[in-house]
Amino acid sequence: MLLIRSLPVPGPARTVSLALVVMGATATLAGCSDTGQPEGAGATRVASAPARLWPERPPAPQPPTDRSGQDGPSPVPGLRREASGDIRKVDLLSVVRAQIASDARAHTPAFDKATERRIARCATEPARCPVRAPQYQDLTHDGKAELIVGIEGSEHVLAVWAYTLRGGVVNRILDTAGTPLSVEVADGDLIMREPTGSPGYEMRTVHSWDDKRQTMEIRAMEFDRAVSSPAPGRSAGAAPSPGRSAVSPPAPERTP
């Protein structure tokens, strides 16, 4: 890449600088033969501006602001403060029960009654508990781990919640759900891949930390080529067995 900095150039050096720029530009447009002689790189396709279709038609009006999502970090009532600042010391099931109770008061339950009953019996029937093992990853890029919770509901739906500590108070920063083939964290982004009705393709949703809103927000939602493989012994889209980790270790970056 040829970079030309807009700095003042002394008079005697201006001609030399211009010559170097022209030589550099020429070098990017042409190559050399085996004998060292310059030769043309061939015709270059001329770029054109986008052709707008139906320009006489007015654009659609802007939709009203969506208030259904989470507007910011949401403190979970009913939990004691964790003075240590380490969210790993917060009891997982206490967080889940407090969140379910809070959602019930707001008339926004995340699960049906059957799933709630299974959650209530997690302490006595761990083999049937739909709450997956807690995961800890730095989602807010502050060097501290957040708590990621995965809960298996009906119809293979997995609820994924993420929590951080603010002044010792547990706050939810992510509330999403899907029927994932895989869930992973890469560079602080939470990535969920889900099956689609098109063979060879998956839906890829990326949640990233929004420093302004102080929550995890959807950064990308893409119809992507399939890269996920179902766990041994189950078909794509089937729910993982209870206790399986909701988040796999960070994976290498993949090109969409």
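Which residues form a disulfide, and how far apart are their sulfur atoms?

## The disulfide

In this predicted model, the disulfide is formed by Cys122 and Cys129, whose sulfur atoms are 2.0 Å apart. A search of the whole structure finds 1 disulfide. The torsion about the S-S bond of Cys122 and Cys129 is about 80 degrees, and the disulfide is therefore right-handed.

Whether a residue is buried or exposed is judged here from its relative accessible area, and buried means under 20%. Cys122 has 4% relative accessibility, so Cys122 counts as buried. Cys129, with a relative accessible area of 8%, is buried as well.

## An open sheet of four strands

Further along the chain, 4 strands form an open sheet in the order β8-β9-β10-β11, and their pairing is antiparallel. The strands β8 (182-186) and β11 (215-225) stand at the edges, and because each has a single partner strand, one side of each is left without a neighbour in the sheet. From one strand to the next, the twist averages 20 degrees. As general background, strands of a sheet pair through backbone hydrogen bonds, and the pairing may be parallel or antiparallel.

## Pairs and turns within the sheet

The edge strand β8 pairs with strand β9 (residues 189-195) in the antiparallel sense, over 5 bridges. Two positions show how these strands face one another: Val185 stands opposite Leu190 in β9, while Ser182 stands opposite Arg193 in β9. The strands β8 and β9 form a hairpin with 2 residues between them, and Asp187 in the turn has a positive phi of about 55 degrees.

On to the next pairing, β9 and β10 come together in the antiparallel sense over 6 bridges, and Ile191 has Val206 in β10 as its bridge partner. The hairpin of β9 and β10 has 5 residues between the strands, and there Gly200 takes a positive phi near 85 degrees. Strand β9 is mostly covered, since 6 of its 7 residues are buried.

## A tilted aromatic pair

How many aromatic pairs does the structure contain? The count comes to 2 aromatic pairs. In one of them, the rings of Phe111 and Trp161 have their centres 5.8 Å apart and their planes at 50 degrees, so the pair is tilted. This pair links distant parts of the chain, 50 residues apart, with Phe111 in the loop between α2 (92-105) and α3 (113-120) and Trp161 in strand β6 (residues 158-166).

Phe111 counts as buried because its relative accessibility is 11%, and Trp161 is also buried, with a relative accessible area of 1%. Trp161 has a further partner in Arg172, which lies over the face of Trp161 at 5.3 Å from the ring centre.

## A stacked aromatic pair

The rings of Tyr201 and Phe223 have their centres 5.2 Å apart and their planes at 0 degrees, so this pair is stacked. Because Tyr201 lies in strand β10 (residues 201-210) and Phe223 in strand β11, the pair ties together parts that are 22 residues apart in sequence.

Are the residues of this stacked pair buried, exposed or partly exposed? Tyr201, at 30% relative accessibility, counts as partly exposed, and Phe223 is partly exposed too, with a relative accessible area of 47%.

How values were computed
Residues are numbered from 1 along each chain as its sequence is written. This is a predicted model: local features need pLDDT of at least 70, side-chain atom pairs count only at pLDDT 80 or more; totals for chains, interfaces and linings use all residues. Side-chain values use heavy atoms; hydrogens and water are left out. A disulfide is a pair of cysteine sulfur atoms within 2.5 Å. Buried means under 20% relative accessible area, exposed over 50%, partly exposed in between (1.4 Å probe, protein chains only). Two strands pair if DSSP finds at least two bridges between them. Axes are lines fitted to C-alpha atoms, for helices over the stretch in contact, and angles run from 0 to 180 degrees between N-to-C directions. Rings of Phe, Tyr and Trp (its six-membered ring) pair if their centres lie within 6.5 Å; planes under 30 degrees apart count as stacked, over 60 as edge-to-face and the rest as tilted. A charge sits over a ring if NZ of Lys or CZ of Arg is within 6 Å of the ring centre and within 35 degrees of the ring normal.
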